[in-house]
Amino acid sequence: MDRIGNYLAPDHRQCDDYFSAAEEAAQQGEWTAATAQFNQFLIAMQHHFVKEETVLFPAFEQSTRNAGGPTEVMRMEHTQMRELFQDLQQAIASRDANAYAGAAETLLILMQQHNLKEEQMLYRMCDQMLAQESGDLIERMNAIPQ
């Protein structure tokens, strides 16, 4: 049986790698590389969010009969992260290393906390509550184009 956590957690690592590379390039003033790495990060993050928001969260909410709770918190944090993505894009466009560093630090903390909550709580709950349909859910998430 497929596990949702095993499917989604590697997305976090991939996004972290892109984010780290973008931050390193921005710190070194390598704005072309920072832009490229940030764009990879942004594509990967948005793809991950879509998987969760369009497939996983609705299935979890239907199973629990609760649209609030953990999925509501995750959606709120996704919104906060999307706002920081815009701040980072603006910092890159203006080649402002200080602005990039500040927004990146805030985003890093938010992402670390968010990923921990997903991996240690939400994904485990999904693996338990959605065990019978996990293969189908993973198939549907995997079919979402990047």
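At which residue does α2 bend, and by about how many degrees? In this predicted model, the bend is at Glu-53 and comes to about 35°.

**View 1. Helix α2 from end to end.** Helix α2 covers residues 31–64, 34 residues in total. At 1.5 Å a residue the expected span is 50 Å, and the end C-alpha atoms lie 46 Å apart, which agrees. Along this helix, the bend of about 35° falls at Glu-53.

**View 2. The residue that follows α2.** Arg-65 comes just after α2. Its phi is positive, at about 60°.

**View 3. Lys-51 and its partner.** Lys-51 is part of helix α2. The relative accessible area of Lys-51 is 4%, so this residue counts as buried, the cut-off being under 20%. The Lys-51 side chain makes a polar contact of 3.0 Å with the side chain of Asp-11.

**View 4. The cavity.** Rolling a probe the size of a water molecule over the atoms shows where empty space is left. The model has 1 cavity of 30 Å³ or more, and the volume of the largest cavity is about 40 Å³.

**View 5. The lining of the largest cavity.** The lining residues are His-12, Cys-15, Asp-16, Met-45, His-48, Phe-49, Met-81, Met-111, His-114 and Asn-115. At least two lining residues come from each of α1 (4–27), α2 and α4 (97–129). By class, the lining holds 5 nonpolar, 4 polar and 1 charged residues.

Definitions and conventions. Residues numbered from 1 in each chain as written. Predicted model: local features only at pLDDT ≥ 70, side-chain atom pairs only at ≥ 80, totals over all residues. Heavy atoms only, no water. Helix = DSSP H or I, 4+ residues; strand = E, 2+ residues; numbered from the N terminus. Expected span 1.5 Å × (residues − 1). Bend = angle between axes of the 7 residues up to and from the residue. 1 Å grid on protein atoms, 1.4 Å probe; cavity = no way out; pocket = protein on both sides within 12 Å on 5 of 7 lines; lining within 4 Å. Points joined across faces, edges and corners; volume = space filled by probe spheres on them. Nonpolar A, V, L, I, M, F, W, Y, C, P; charged D, E, K, R; others polar. Buried < 20%, exposed > 50% of the residue type's maximum accessible area, 1.4 Å probe, protein only. Polar contact = N/O pair within 3.5 Å; in protein donor to acceptor, adjacent residues only side chain to side chain.
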